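User: Hey, I've got this protein open and want a quick tour before I go back to the bench. Can you walk me through it?

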Amino acid sequence: MHQRTLGTGGPQVSAIGFGCMGFWNAADRAGGIAVIRAAVEAGITFFDTAEAYGPYLNEETVGQALAPFRDQVTIATKFGFALDGRLGSLNSRPEHIRQVADACLKRLDIETIDLFYQHRVDPNVPVEDVAGAVRELIEAGKVRHFGLSEAGVQIIRRAHAVQPVTALQSEYSLWWREPEAEILPTLEELGIALVPYSPLGKGFLTGAIDRDTEFGDGDPRGAMPRFAPEFREANLTLVDLLRTVAVRKNATAAQIALAWLLAQKPWILPIPGTRNADRMRENAAAADVRLTADDLADIDDAASHIQPQGDRYPAVLQQLINR
């Protein structure tokens, strides 16, 4: 697996990481542990979790899975939700951040959190206070690096002035290119890595979802406007483009989507997630797919004529983005 540097002064990690959000079911902990360990065997060394996933169960599963490999991997987790049962309830007060850090360390069974993200910007707490609290945790040896998630340019700059931000985690893919306008130039200027979550459009860019796909109970994609039947026909045009390039490169649509991201900047590190070991290996192999300048020009030219339809999230969740 090719390596990339996680921000200025950050660790060397695999070019493609692993988003572990899907492993929160206690009944299938053994299965989750097996897939995460298979990811290590595939060369992945960058793993992403959060206290909110489950909540709590995900961190426990990730910690148990990676215990034998602690000196080989980088683990990122997150704080920022109140987890009081109210959808979207936030809490980034410094005292709460300290409490979450201690709890995360115990659940992950580690001595130091490699990368500690603010999961969502809290409008009730100045980001300077958030960055200051994480800086204190870094000074105490409980955290190594500070990250933000779905933060806008001004928040990034304000936080970075107090405690250097190592990475920003935000959605970015051929299906969602909004970060290119302001976020990417700012990150390049400040030396901050971008860690795209949902780099495969929550599965859409893999080609596994078609016009007739129905989402089961509990699948959040059923409530996301971009997956609505009335928008799916237009959005599948982008998948057709990926399939066309994939045939030419002897790859899969998912691998082309990931390779496109890796080709954008050397400091972009996508974290696709899956509960399937074979899909994980397919994603990891995307690091070996090389898109030429002509390939990239063809993709960008074709994609420029495709306008994705539908919002990313329902309104109640969309309001938590890019404060």
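**Starting at the N terminus**

Analyst: Sure. Methionine 1 has a relative accessibility of 34%, so it counts as partly exposed. Keep in mind that this is a predicted model.

User: Where does methionine 1 sit relative to strand S1?

Analyst: Methionine 1 is in the segment before strand S1, which covers 3-5.

User: And what does methionine 1 touch, not counting residues up to four places away in sequence?

Analyst: Methionine 1 touches Ser14, Ala15 and Ile16, then Ala42, Gly43 and Ile44, and also Ala284 and Ala287.

User: How far is methionine 1 from valine 125?

Analyst: Their C-alpha atoms are separated by 39 Å, and along the chain methionine 1 and valine 125 are 124 residues apart.

User: OK, zooming out. How many helices and strands are there?

Analyst: Eleven helices and nine strands.

User: What's the radius of gyration, and what would a compact globule have?

Analyst: The protein has 19 Å, and a compact globule of 323 residues would be near 20 Å, so the two agree. The C-alpha atoms fill a box of roughly 50 × 40 × 40 Å along the principal axes.

User: What share of the residues count as buried?

Analyst: 54% of the 323 residues. The accessible surface comes to about 13800 Å², and carbon and sulfur atoms hold 49% of that.

User: What about contacts between residues 24 or more positions apart?

Analyst: Those account for 75% of the contacts with a separation of 6 or more.

User: Charges? How many positive and negative side chains?

Analyst: There are 32 positive and 42 negative side chains, and the centres of the two sets lie 2 Å apart.

User: Now the inside. How many residues are in the largest nonpolar core?

Analyst: That core has 104 residues, and Phe18, Phe47 and Phe116 have the most contacts inside it. Helix H8, residues 253-264, gives the most to this core, with nine residues. As background, nonpolar side chains in soluble globular proteins tend to be buried together.

User: Which residues is phenylalanine 116 in contact with, leaving aside its neighbours within four places?

Analyst: Phenylalanine 116 is in contact with Thr77, Lys78 and Phe79, with Ile97, Val100, Ala101 and Cys104, and with Leu137, Val143, His145, Phe146 and Gly147.

User: Val143 caught my eye. How far is valine 143 from alanine 161?

Analyst: Their C-alpha atoms are separated by 18 Å, with the two positions 18 residues apart along the chain, counted as 161 versus 143. Alanine 161 lies in helix H5, residues 153-162.

User: Is alanine 161 buried or exposed?

Analyst: Exposed, because its relative accessible area is 68% and the cut-off for exposed is over 50%.

User: Switching to backbone oddities. Where's the cis peptide bond?

Analyst: Between glycine 54 and proline 55, with omega about -5 degrees. Proline 55 is in the loop between strand S4 (46-48) and helix H2 (57-66).

User: And which residues have a positive phi although they aren't glycine?

Analyst: Serine 198, at about 50 degrees, and lysine 202, at about 55 degrees, are among them. For context, most residues other than glycine have a negative phi, and most peptide bonds are trans.

User: Where is serine 198?

Analyst: Serine 198 is in the loop between strand S9 (193-197) and helix H7 (229-249). Lysine 202 is also in the loop between S9 and H7.

User: Why does serine 198 count as buried?

Analyst: Because its relative accessibility is 16%, and buried means under 20%. Lysine 202 has 22%, so lysine 202 counts as partly exposed.

User: What about glycine 207? Where is it found?

Analyst: Glycine 207 is in the loop between S9 and H7 too. At 17% relative accessibility, glycine 207 counts as buried. Glycine 207 touches Val239 and Arg243, not counting residues up to four places away in sequence.

User: Last one: where is glutamine 307?

Analyst: Glutamine 307 is in the loop between helix H10 (293-303) and helix H11 (315-318). With a relative accessible area of 57%, glutamine 307 is exposed. The C-alpha atoms of glutamine 307 and leucine 238 are separated by 8.8 Å, though the two are 69 residues apart along the chain.

Definitions and conventions. Residues numbered from 1 in each chain as written. Predicted model: local features only at pLDDT ≥ 70, side-chain atom pairs only at ≥ 80, totals over all residues. Heavy atoms only, no water. Helix = DSSP H or I, 4+ residues; strand = E, 2+ residues; numbered from the N terminus. Rg over C-alpha atoms; globule rule 2.2 N^0.38 Å. Buried < 20%, exposed > 50% of the residue type's maximum accessible area, 1.4 Å probe, protein only. Contact = heavy atoms within 4.5 Å. Areas by Shrake-Rupley, 256 points an atom, 1.4 Å probe, with all protein chains shown as cover. Lys, Arg positive; Asp, Glu negative; His and termini not counted. Charge placed at Lys NZ, Arg CZ, Asp CG, Glu CD. Core = buried A, V, L, I, M, F, W, Y, C linked by side-chain atoms within 4.5 Å.
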